[in-house]
Amino acid sequence: MQLLTKITQNPWFLGMLVLLFTVVVLWNMPIEKRKYGLSQSNLTTDYTGLLPEKIQRVIQTKNRNELQEIVKEANTTGKKISIAGLQHSQGGHTYYKDGIVLDMKTFNKVLWVDAKKKTVRVESGATWEDVQEAIIPYGLALKVTQSQSIFTIGGSLSVNAHGRDIRFGSMASTVKEMTLLTPTGEIIELNRNDHEEWMKYVLGGYGLFGVILDVTLELTDNNVYTIQTKKLKTDEYEGYVRNILDSDMTAMHYARISVAPKSFLDEMYVIDYNETGKTDNKTLKKDQAIRLSKLALDAGRQGGLLEDLFWSSQKHYIQSLDGKEITRNNAMRSESTFMEYTKTDSVEVLQEFFIPVDSFEEYMSSLKELLPSNDKNEDFKIHNITVRYVKQDNKTSLNYAREDMFGLVVLIQHGVKQKNMDRAKEIIKKWTDLTSEHGGTYYLPYYPYQSQEQFNKSYPESASFRIEKRRRDPNEVFQNLFYENYLTSRGNVR
Ligand SMILES: Cc1cc2nc3c(=O)[nH]c(=O)nc-3n(C[C@H](O)[C@H](O)[C@H](O)COP(=O)(O)OP(=O)(O)OC[C@H]3O[C@@H](n4cnc5c(N)ncnc54)[C@H](O)[C@@H]3O)c2cc1C
């Protein structure tokens, strides 16, 4: 008995017990996927499930002539068409009431790779992962993508996505040519010399100017980078980024701002990817340590002290990456499975606010006054803020970066009862106004919390976007809930 007591009081024994407990918890932790998607019999939703709608028909085909016939027919019957990639957009951008949805996922061939010219031709339903697999043997990599590779090419180009690259500009500017099925049913080839106007509306055009069938994208070398990390105060960040932009050493960069109570909006860490002079043509990583990352994120989701602990563990983890090497392709395929959120009484949504580089410091001070530092007992919780550098863009009409900006990507959780939705709307609208006061804008692929007035202010070119839409799609064949909400008089976000 005495021996047993002695063993159980031994720190090694207790340590082993904790380790065993952690292994059992991790082993049994379900990695569920959120249920969403296109359906003819049930209600259709996108990733958040917040805007369920009945649609008429889903069409999946590999045949472009079949797509062409559907568009021509809709011009005479008055049917409405939407286009869906992987539906990670969150504001009903991929479907419309009683409409037809073109599900582009089967339209996914990589058509050719030109290693000499560093270009790839790919169908629009392919994912960045498909492209990376096709180009890696040539030692090539993408110029601009999101930080994950799970999205389709068509869906990414239609929102003009951005990521960790800080040199190549907007995603739209990496498109050399494309084949477009126009709203009136013609199949046309577009290139940069003759068709800048078409491209300006199709890229970042949210599926409202026809179907992108395939595109030629510019590529670059799959360089190997050294990861460099640093802890900063938010008021040091502006200067830090100016320095890395002035040197040629850093190719990619992102940062994270603390949302933990003790260091709220005060501490940051930055991650730079610095040139080594080496290239790689073989390694594509897969999702790793999913359960451990999920356990840490779930702890952070509790708020309060656990969120402080989560922030500390993130800082340690990031520090442990310092000096390690990573390829360009791998820096563009971060883990995503651990972020899946499957609760039904609440939702996790994204919002992104863009703020001119010069205004970052004052903006962060004002933001501290707007948001509570400890949201443990609030329904509206902020779980993460990541920062990207977004270069000025002049290639798209609905342009969120009219000058060089920082994009603050915010992961938010809130309840789905009407009162919770109303509260979330109220906070996000105030946040959008604050961003606007500092010369900033917000990103459009997400849930429509913002008002019509806020949309018009952030996107002054939306007036000409509307006019062009009606000129190039006279029967308004291509529709979705985003279009209805913000670009017609039928919208309900006033
Ligand atoms: C977890 C997560 C992380 C994200 N990270 C980033 C990020 O790092 N950077 C960033 O910029 N964005 C990011 N986003 C937003 C993301 O880039 C967009 O939601 C993108 O549209 C998703 O691609 P998708 O294939 O799911 O497109 P979908 O949601 O299916 O479609 C988006 C839009 O594109 C249109 N579309 C789709 N295919 C075509 C086509 N072939 N022709 C014409 N129009 C088409 C649709 O009609 C719709 O309007 C993120 C989103 C999530 C959920």
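Is Glu-426 buried or exposed, and how many other C-beta atoms lie within 10 Å? In this predicted model, Glu-426 is exposed, because just 12 other C-beta atoms come within 10 Å and a residue counts as exposed at 12 or fewer. You'll find Glu-426 in helix H12, which runs over residues 418–437. Pick out Glu-189 as well: Glu-426 sits 237 residues from Glu-189 in sequence, and their C-alpha atoms are 44 Å apart in space.

Now for helix H3. Residues 64–77 make up this helix, 14 residues in total, and from first C-alpha to last H3 reaches 20 Å, close to the expected 20 Å at 1.5 Å a residue. Leu-67, Ile-70 and Val-71 of H3 are buried. Looking down the axis of H3, the buried residues fall within an arc of 95 degrees, so they line one face of the helix. That fits the general pattern: an α-helix has 3.6 residues a turn, so residues three or four places apart point the same way. Here are the two sides of H3.

| Side of H3 | Residues |
|---|---|
| Buried | Leu-67, Ile-70, Val-71 |
| Exposed | Asn-65, Glu-66, Glu-69, Thr-76, Thr-77 |

Strands E1 (57–59), E2, E3 (100–103), E7 (175–181) and E9 are among what covers the buried residues of H3. Right after H3 comes Gly-78, with a positive phi near 85 degrees.

On to the ligand. It has 34 residues around it, and the closest are Gly-85, Gly-154, Gly-155, Ser-158 and Gly-207. Strand E2 (81–84), helix H5 (153–157) and strand E9 (211–221) each give the shell at least two residues. By class, that shell has 13 nonpolar and 21 polar residues, with no charged ones.

Definitions and conventions:
Residues are numbered from 1 along each chain as its sequence is written. This is a predicted model: local features need pLDDT of at least 70, side-chain atom pairs count only at pLDDT 80 or more; totals for chains, interfaces and linings use all residues. A residue is near a molecule or strand if its C-beta atom, placed from the backbone, lies within 6 Å of it. Helices (H or I, at least four residues) and strands (E, at least two) are DSSP runs, numbered from the N terminus. Ala, Val, Leu, Ile, Met, Phe, Trp, Tyr, Cys and Pro count as nonpolar, Asp, Glu, Lys and Arg as charged, and the others, Gly among them, as polar. A residue is buried if 20 or more other C-beta atoms lie within 10 Å of its own, exposed if 12 or fewer, and partly exposed in between; C-beta atoms are placed from the backbone. The expected span of a helix is 1.5 Å times one less than its number of residues. The arc is that of the directions from the helix axis to the C-beta atoms. Two residues are in contact if their C-beta atoms, placed from the backbone, lie within 7 Å.
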